[in-house]
Amino acid sequence: MLVRAGGGAAAAAAACLRGLWRRGGSGSAAGSEAEAETGGGGAPAPPPAAAAACFPLGRALLRVRGPEAALFLQGLLTNDVTQLAARAAAPPPRALYAHALNVQGRCLYDLILYRLHESPEEEPHILLECDSSVFDSVQKHLKLYKIRRKVSIAPCPDLSLWAVIPKEQPGEVAASLNKCADQTLVLTPDPRTEVMGWRLITKKEANLLDIVPGSHIGNIQDYHRHRYKQGIPEGVKDLPPGVALPLESNLAYMNGISFTKGCYIGQELTARTHHMGVIRKRLLPVQFSAPLPLESVPEGAEILTESGKSVGKFRAGGGELGIALLRLANINEPLCLNMPGDKVKLTATIPEWWPKPAGK
C-alpha cells in the first residue's frame, strides 16, 4: 500500500522551486519562445521580487470538441477522461495527465488534457497537449479511431502554453494567479505533481507579465533541468514511442492512470503488471560526475555497475542531470554510463515527491 508523501516532500519541493527561480533568466516572451524551440542560451538573473518563473513550452495543442469528445478519448487513453466532462456537485478537474498506448501496452504519446467551457450551456471541450515533434502523428492516431464519433479535431496555432514555477510552493501564489483568470484560457496546477508548478494557456497575443504579476520569462533549459532533477519525463526523448512502458515510466505516481475506468487500447499488459505488483525498473533522476557532451551519447546508452553488469539505459538529459530507466535493485551501487571510449560515473536518486510505503 502506498500513501502520498507528506510535509518532508513538500518542503523539499519548495526548496527545489526556489532554486529553480534563482537560476531563471529574464527577457522578452518572443525571445524565450524562440529559445523553447532552439534551446537558447542563458540570461541575467531575475530581480529579487519575482514571484514565479514562466517558461514557454515548445509543445503543441489540439482541440478535441463535440458531445462525444470525452467518451472518444476515454477508449484511447490511460486516465479516466470522463472526469473532465462530469457535471457533479464537486467541480471536475481542469487537467489530467495520460498516455496513449499501442496495442502491446507501450507508450506512444504523453499527454496533458485540459477542460474548457466557453459558456455555462455549452458542453466542455478538451485541449490536448503533446510533444510538438509528434504532433502530426497524434492527429493521425486520433483520426484513425474517430470513426463516426461526433467530435472534431483541430490544431490551436493561436494559443501559447506555459509552465509557471512559483518562487515558493504552488499553492502560495494561487490567489495572485487567479486574479488574472479572465486573461487566460486555462490556469491549473500541473496534474502530474506539485513540484511542477502550474500549466497556463493563453492567447498568442497575451502579455504574460500582466497575467502573472511580478514574474519573469525563464530559460527553457532551466525548466528541463528542473524536470530531470525531479525525474519527470516529458516528450519522446524521455518516453520513446513503442519502447517505454507506462508503469516503469511512473505513470501511476504522476496521477496518469485509472485502474477502474474500463477498457482502453493497451490496457491488458498495464493492468496485469499493476495487479502482479512487481515493477523491477523505473525512470529515475540521475546526476553525472561531469556534464555530458550529449551529442556524443548514443541513444539508449547502457548504464553499468562496477562489474560491468547492465542495469539500465540512459534516456535524456542536459549538463550533469538526466533521466534513466534503471533496475531498482541496483540503484545504490556505483554506476556509470557506457560511452564510446569512456565511462562516466553517475548517481541515481528516489524523488522526494514519490509516494512513500505505508507506515514510513
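These legends describe close-up views of a predicted model.

**View 1. Strand 8 is buried along its whole length.** Strand 8 covers residues 159–166. Eight of its eight residues are buried, so the strand is largely enclosed by the rest of the structure. Both faces are covered. On one side sit L159, L161, A163 and I165. On the other side sit S160, W162, V164 and P166.

**View 2. Strand 8 pairs with strand 2 and with strand 10.** Strands of a sheet pair through backbone hydrogen bonds, either parallel or antiparallel. Strand 2, residues 52–56, runs antiparallel to strand 8. Five bridges join these two strands. In one of them, A53 has I165 of strand 8 as its bridge partner. I165 is also one of the buried residues of strand 8. Strand 10, residues 198–203, is likewise antiparallel to strand 8, and six bridges join this pair. Here S160 is partnered by T202 of strand 10. S160 is buried too, on the side of strand 8 that also holds W162, V164 and P166.

**View 3. Six strands form a closed barrel.** The strand order is 12-15-14-13-16-17, and the pairing is antiparallel. From one strand to the next, the twist averages 45 degrees. Strand 13 (residues 302–305) and strand 14 (residues 310–318) are antiparallel neighbours joined by three bridges. Within this pair, L304 stands opposite S310 of strand 14. Helix 7, residues 220–230, packs on the sheet. Helix 7 touches strand 12 (281–288), strand 14 and strand 15 (321–327). The directions of helix 7 and strand 15 make an angle of about 25 degrees.

**View 4. F55 and Y223 form a tilted aromatic pair.** The structure holds three aromatic pairs, including this one. The ring centres of F55 and Y223 are 5.8 Å apart, with 40 degrees between the planes. The pair links distant parts of the chain, 168 residues apart. F55 belongs to strand 2, whereas Y223 belongs to helix 7. F55 is buried, with a relative accessible area of 0%. Y223 has 0% relative accessibility and therefore counts as buried.

**View 5. Y253 and W354 form an edge-to-face pair.** Their ring centres lie 4.9 Å apart and their planes meet at 65 degrees, so the pair is edge-to-face. The cut-off for that label is over 60 degrees. Y253 is in the loop between helix 7 and helix 8 (267–276). W354 is in the loop between strand 17 (342–348) and strand 18 (356–357). These two residues are 101 positions apart in the chain. Both Y253 and W354 are buried.

**View 6. N250 contacts R282, L283 and W354.** N250 is found in the loop between helix 7 and helix 8. Its relative accessibility is 1%, so N250 counts as buried. Residues up to four places away in sequence are not counted among these contacts. The side chains of N250 and R282 are joined by a polar contact of 2.9 Å. W354 links this view to the previous one, where W354 pairs with Y253.

**View 7. Two arginines sit over tyrosine rings.** R192 lies over the face of Y97, 5.9 Å from the ring centre. The charged end of R227 is placed over the ring of Y228, at 4.8 Å from its centre.

Methods
Residues are numbered from 1 along each chain as its sequence is written. This is a predicted model: local features need pLDDT of at least 70, side-chain atom pairs count only at pLDDT 80 or more; totals for chains, interfaces and linings use all residues. Side-chain values use heavy atoms; hydrogens and water are left out. Buried means under 20% relative accessible area, exposed over 50%, partly exposed in between (1.4 Å probe, protein chains only). Helices (H or I, at least four residues) and strands (E, at least two) are DSSP runs, numbered from the N terminus. Two strands pair if DSSP finds at least two bridges between them. Axes are lines fitted to C-alpha atoms, for helices over the stretch in contact, and angles run from 0 to 180 degrees between N-to-C directions. Contact means heavy atoms within 4.5 Å. Rings of Phe, Tyr and Trp (its six-membered ring) pair if their centres lie within 6.5 Å; planes under 30 degrees apart count as stacked, over 60 as edge-to-face and the rest as tilted. A charge sits over a ring if NZ of Lys or CZ of Arg is within 6 Å of the ring centre and within 35 degrees of the ring normal. A polar contact is a pair of N or O atoms within 3.5 Å; within protein, one must be able to donate a hydrogen and the other to accept it, and residues adjacent in sequence count only if both atoms are side-chain atoms.
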